[in-house]
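Trainee: I have some terms to check against the numbers. Can we go through them?
Mentor: Go ahead.

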Amino acid sequence: MSEVLARLWATVEARAGADPASSHTAAMLAKGRGKCAEKFGEEAVEAIVAAASGDAAGLTHEAADVLYHLQVMLKAAGVPWDAVLTELERREGRSGIAEKASRPR
Ligand SMILES: N=c1c2ncn([C@@H]3O[C@H](COP(=O)(O)OP(=O)(O)OP(=O)(O)O)[C@@H](O)[C@H]3O)c2ncn1[C@@H]1O[C@H](COP(=O)(O)O)[C@@H](O)[C@H]1O
């Protein structure tokens with residue numbers, strides 16, 4: 001199941017040069033980083049609304065939209081998905097509370 005995000009990233013990369021008329025990914029990437037970021041924000045807000053209202057089914061749909069549009073935004077910004085996963089791995093095993101307390105004042 002966790003491989004689906006890896007497959008999705010491979011698809012986003014493959015669609016980068018596709019015809020925008022036949023690919024939503026290509027159409028978004030053709031609009032540029034700013035529009036991709038704006039769309040991500042829109043989807044994130046929709047997920048917030050679903051979560052705040054207790055709409056589990058809606059949140060499930062919107063969370064999937066958020067993950068997809070996050071990958072599109074990363075692609076538009078030139079940030080590889082693996083770089084994000086590496087950052088998450090770097091954080092493993094360390095409490096967020098301990099991490100924040102360790103930051104220089
Ligand atoms: N996971 C997605 C995915 N999630 C959302 N979307 C599209 O993103 C668009 C979101 O626009 P809207 O917000 O207006 O529509 P919406 O999200 O359904 O409506 P709301 O929930 O926001 O109210 C819709 O066209 C969705 O179909 C996606 N488009 C593509 N993918 C994946 O990317 C692959 C390649 O798709 P293409 O690039 O279109 O070939 C697909 O096979 C999927 O695996």
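**Terms and cut-offs**

Mentor: Start with H61: one of its polar side-chain atoms lies 3.0 Å from an oxygen atom of the ligand. This is a predicted model.

Trainee: What makes the pair of H61 and the ligand a polar contact?
Mentor: The cut-off is 3.5 Å between N or O atoms. The H61 pair lies at 3.0 Å, so the pair counts as a polar contact. E62 also has a polar side-chain atom 3.0 Å from an oxygen atom of the ligand.

Trainee: How do you know that T25 makes a polar contact with the ligand?
Mentor: An N or O atom in the T25 side chain is 2.6 Å from a ligand oxygen atom. That is within 3.5 Å, so the term applies.

Trainee: Which residues are closest to the ligand?
Mentor: R15, S23, T25, K39 and E46, out of 14 that surround the ligand.

Trainee: Why are helix 2 and helix 3 called oblique?
Mentor: Helix 2 (residues 24-31) and helix 3 (residues 33-52) pack at about 120°. Roughly perpendicular covers 65 to 115, and roughly antiparallel starts over 145. The angle falls in neither range, so the two helices are oblique to each other. Their axes are 5 Å apart.

Trainee: What makes the contact between helix 2 and helix 3?
Mentor: M28, L29 and K31 of helix 2, with K35, C36 and K39 of helix 3. By class, three are nonpolar, none polar and three charged.

Trainee: What confidence does the predictor give?
Mentor: The chain averages a pLDDT of 96, and 99% of the residues score at least 70. For the complex, the ipTM is 0.87 and the pTM 0.92.

Conventions: Residues are numbered from 1 along each chain as its sequence is written. This is a predicted model: local features need pLDDT of at least 70, side-chain atom pairs count only at pLDDT 80 or more; totals for chains, interfaces and linings use all residues. Side-chain values use heavy atoms; hydrogens and water are left out. Axes are lines fitted to C-alpha atoms, for helices over the stretch in contact, and angles run from 0 to 180 degrees between N-to-C directions. Helices (H or I, at least four residues) and strands (E, at least two) are DSSP runs, numbered from the N terminus. Angles under 35 degrees count as roughly parallel, over 145 as roughly antiparallel, 65 to 115 as roughly perpendicular and the rest as oblique. Contact means heavy atoms within 4.5 Å. Ala, Val, Leu, Ile, Met, Phe, Trp, Tyr, Cys and Pro count as nonpolar, Asp, Glu, Lys and Arg as charged, and the others, Gly among them, as polar. pLDDT is the predictor's confidence in each residue, from 0 to 100. A residue is near a molecule or strand if one of its heavy atoms lies within 4 Å of it. A polar contact is a pair of N or O atoms within 3.5 Å; within protein, one must be able to donate a hydrogen and the other to accept it, and residues adjacent in sequence count only if both atoms are side-chain atoms.
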